[in-house]
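Reader: Hi, I'm new to this one and would like a walk through it. Could you put it up so that we can look together?
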Amino acid sequence: MVYQYLIKTIRQKGSAFFTLLDPGDKITGDSVKSICKNGADAILVGGSFIENSDFIERMKTIKSNSTVPVIIFPGGATQVSKYADAILFTSLLSGRNPEYLISEQVKAAPIIKGLKLEVLPTGYLLIESGASTSVLFMSNTTPIPRSKLDIAKSHSLTAQYFGMKFVYLDAGSGAKQSVPDEMITAIKNYVDIPIIIGGGIKTPEDAKSKAKAGASCVVIGNVIQKNPELAKKFADAIHK
Ligand code: 1GP
């Protein structure tokens, strides 16, 4: 089971290293192999806006070349495929848009069941990052202000009380500013579920500080997608 594998990885390595691949972009089998060989613990796949019809084909390429779990991180109910090991079943808890709190999930649930994908229930929180991002625009929601640690803590605890297995704090892909370290630490000290952190993390040093602050899983998207060979440096920084 992917969930047990992730919990074991976090326990053994301190923090897990996730790469996010955007199926809106071309992905080669060689880059997937290189990312796995260089220390990624899992590959997330998804995007808030995909401007082509290649989602299933790209999932197939990723799954057939990956030696680590492939986990869908869906931008909506259309991003479900059998070429994955699990799916982050997210609810955009920081938003007040019913579409991403519950409607997309209701559309996707029977398809996920039919495909027998492992489900990883995840509370998804968008954190203010200095400029608007695709996910903010597409979800039509307001992010949690960077300085409002109490609001971020309360949303994370809500995810836990709903029985969700993870809470994912995202500054959004390509964010100017990543999730603040002090917010990560405050949540780490407040909830019991693992914390996934992503969005705008550009250097191994930045990734290391997220892990040290308390991130259980650190997600790197853009930087690795453009330079898969950097995976080793990020893996070394994120793992203890
Ligand atoms: C976005 O957390 C991910 O959902 C990754 O963001 O592409 O900025 O690394 P980046």
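Author: We can talk about the ligand and its surroundings, and after that about the aromatic pairs, keeping in mind that this is a predicted model.

Reader: Okay, which residues come nearest to the ligand?
Author: There are 13 residues around the ligand, and those that come nearest are Asp170, Ser173, Gly174, Gly200 and Gly221.

Reader: And what is the mix of classes in that shell?
Author: The shell around the ligand has 8 polar residues, 4 nonpolar ones and 1 charged one.

Reader: What is 2.7 Å from an oxygen atom of the ligand on the Ser173 side?
Author: That is an N or O atom in the side chain of Ser173. With Gly174 a polar backbone atom takes that role, at 2.7 Å from an oxygen atom of the ligand, and with Gly200 a polar backbone atom is 2.8 Å from a ligand oxygen.

Reader: How much of the ligand does the protein bury?
Author: The protein buries 95% of the 310 Å² that the ligand exposes when taken alone. The space that the ligand takes is the largest pocket.

Reader: Switching topic, how many aromatic pairs are there in the whole structure?
Author: A search of the whole structure finds 4 aromatic pairs. One of them joins Tyr3 and Phe166 in an edge-to-face arrangement, with 5.8 Å from centre to centre and 75° between the planes.

Reader: Which parts does that pair tie together?
Author: Tyr3 lies in helix α1 (residues 2-13) and Phe166 in strand β6 (residues 166-170), so the pair links parts that are 163 residues apart in sequence.

Key: Residues are numbered from 1 along each chain as its sequence is written. This is a predicted model: local features need pLDDT of at least 70, side-chain atom pairs count only at pLDDT 80 or more; totals for chains, interfaces and linings use all residues. Side-chain values use heavy atoms; hydrogens and water are left out. A residue is near a molecule or strand if one of its heavy atoms lies within 4 Å of it. A polar contact is a pair of N or O atoms within 3.5 Å; within protein, one must be able to donate a hydrogen and the other to accept it, and residues adjacent in sequence count only if both atoms are side-chain atoms. Accessible areas come from the Shrake-Rupley method with a 1.4 Å probe; for residues, only the protein chains shown count as cover. On a 1 Å grid over the protein atoms alone, a cavity is a set of points where a 1.4 Å probe fits but cannot get out, and a pocket is an open set with protein on both sides within 12 Å along at least five of seven lines; lining residues have an atom within 4 Å of a point. A molecule sits in a cavity or pocket if more than half of its atoms lie within 2 Å of its grid points. Ala, Val, Leu, Ile, Met, Phe, Trp, Tyr, Cys and Pro count as nonpolar, Asp, Glu, Lys and Arg as charged, and the others, Gly among them, as polar. Rings of Phe, Tyr and Trp (its six-membered ring) pair if their centres lie within 6.5 Å; planes under 30 degrees apart count as stacked, over 60 as edge-to-face and the rest as tilted. Helices (H or I, at least four residues) and strands (E, at least two) are DSSP runs, numbered from the N terminus.
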